[in-house]
Amino acid sequence: MIELLFLLLPVAAAYGYVMGKNSAKNLAHEQNRKITSEYSKGLKFLLDREEDQGLEHLIKLLEVSADSVEHYLTLATLFRKRGELDRAIKIHELLIEQPNLDIELVKSCRLELAKDYIMAGLLDGAESNLVVLVKAGFEDALEPMIQLYSQTRDWQKGVNMYEAYSELFSDKASCAAIANFYCEVALESSDTQYLERATKLNHQAIRPLYELGLDAHERQDNVKAIYYWRKLTSEFPQIAPLVVHDLQSCYASLNISDDFYGLIEELLPNAGVTIKIKHCQGLVESGRVAEAIEFLTDSLKREPSIRGFSYLLQLLSTKNVKIQDVLEEIDHLVTSYISTKPDYQCNKCGFTSHKLYWLCPSCKTWESVVPSRGLDGY
Ligand SMILES: [Zn+2]
């Protein structure tokens, strides 16, 4: 019954408004009488469980009072939250049909209607409404439109939408989505032109450069593979581990391994452990093993890493170092690694922490947070 009380809010608002306007008193009284009578009818229908008629009746009031649209939108949201999607749809559909509604408000209602349809699994209905909004230049429709096409795997439709309305795609996330749509079309059609087009969006995405490099690498076009993957690693250093191994073999095939280590050095300032190990391998290849050990030890002290430890052990075993020194170094590194790991873990929800909680802050279970187990646990 909450929604019924809710519907009375506009009546109260209209009543206050009407009472405040003395100069137009008679007209206002007449308007107020109309609103109240329509509300009574609408509420009566609802109370009699003739819900569709009730809603339709209440929506009619919009012609009298456009101010109440917000209330209907909130009411529809309430229905949607409760899973009563048919009622939410009904309200949004009726609102859209209102001839006197502000154009921006109609767009918002249509967007909400599309969201109802998506929740109800009526994807065609959602698509047709979202298409109307995108054509009208309504940017808020882009995200649900992209999500819908991702869900239905209609990559080509997404690409077409982007090419027709590219000026709407100004943010990074929507460009990344469209870039991936291009990649999917390229893979389905084996046409790398789509990958090239995907590199020319407003924001550079990761995957087009990755796929272009991969395609070149598979065709053994090492020069092109290096071109795309260099661009990829310089723009997205965090992605470097994905390609660094194949990239190294491209350079090796062209007999220019020195250039590869030059690239690794460029990447070092923001590098993860994979790039650091490559750097060490370069030092080892040029006979500078002690320097590699020093570099890696120093880096592991600041940023402990299991892969780093593993490679350090390999390095130490190749060099004639006193076993006592090696053991001390390893103990030091392992201790600092363990100190970065959470001491406690909830056995209900997996929440981890350095502090002991008797009540899990995440799942609110008592005594479920216990000393953690596993590779680095207790
Ligand atoms: Zn928990």
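This briefing walks through a predicted model of one protein chain, with a focus on helices 10, 12 and 13 and the loops beside them.

Residues are numbered from 1 along each chain as its sequence is written. Because the model is predicted, local features need pLDDT of at least 70 and side-chain atom pairs count only at pLDDT 80 or more, while totals for chains, interfaces and linings use all residues. The chain holds 19 helices and 3 strands; these are DSSP runs numbered from the N terminus, with helices being H or I of at least four residues and strands being E of at least two.

**The chain and its confidence**

- Mean pLDDT (the predictor's confidence in each residue, from 0 to 100) is 86 for the protein chain, and 82% of its residues reach 70 or more.
- Confidence is highest in helix 12, at 97, and lowest in helix 1 (residues 2–20), at a mean of 46.
- Two stretches deserve a note: pLDDT stays under 50 over residues 1–5, with 4 contacts beyond four places in sequence, and also over residues 8–21, with 17 such contacts.
- A contact here means that the C-beta atoms of two residues, placed from the backbone, lie within 7 Å.
- Among contacts between residues at least 6 apart in sequence, 44% join residues at least 24 apart.
- Of the 378 residues, 29% count as buried; a residue is buried if 20 or more other C-beta atoms lie within 10 Å of its own, exposed if 12 or fewer, and partly exposed in between, with C-beta atoms placed from the backbone.

**Helix 12 and its two partners**

- Two packed helices are described by the angle between their axes and the distance between the axes. Axes are lines fitted to C-alpha atoms, for helices over the stretch in contact, and angles run from 0 to 180 degrees between N-to-C directions.
- Helix 10 (residues 172–189) packs on helix 12 (residues 206–218) at about 30 degrees, with the axes 8 Å apart. The pair is therefore roughly parallel, a label for angles under 35 degrees, where over 145 is roughly antiparallel, 65 to 115 roughly perpendicular and the rest oblique.
- Helix 10 brings Ala179, Asn180, Tyr182, Cys183 and Ala186 to this contact, and helix 12 brings Arg207, Pro208 and Glu211. By class, that gives 5 nonpolar, 1 polar and 2 charged residues; Ala, Val, Leu, Ile, Met, Phe, Trp, Tyr, Cys and Pro count as nonpolar, Asp, Glu, Lys and Arg as charged, and the others, Gly among them, as polar.
- With helix 13 (residues 222–235), helix 12 makes an angle of about 160 degrees, and the axes are 8 Å apart. These two helices are therefore roughly antiparallel.
- On the helix 12 side, the contact with helix 13 uses Ile206, Leu209, Tyr210, Leu212, Gly213, Ala216 and His217. Helix 13 answers with Lys224, Ala225, Tyr228, Trp229, Lys231 and Leu232. The classes here are 9 nonpolar, 2 polar and 2 charged.

**Loop residues to look up**

- Most residues other than glycine have a negative phi.
- Ser190, in the loop between helix 10 and helix 11 (193–198), has a positive phi of about 50 degrees. Ser190 counts as exposed because it has 8 C-beta neighbours inside 10 Å.
- Gln220, in the loop between helix 12 and helix 13, also has a positive phi, of about 55 degrees. With 10 other C-beta atoms within 10 Å, Gln220 is exposed.
- Ser170 sits in the loop between helix 9 (155–164) and helix 10, and is exposed, with 12 other C-beta atoms within 10 Å. The C-alpha atoms of Ser170 and Asn202 are 6.7 Å apart, although 32 residues separate the two along the chain.
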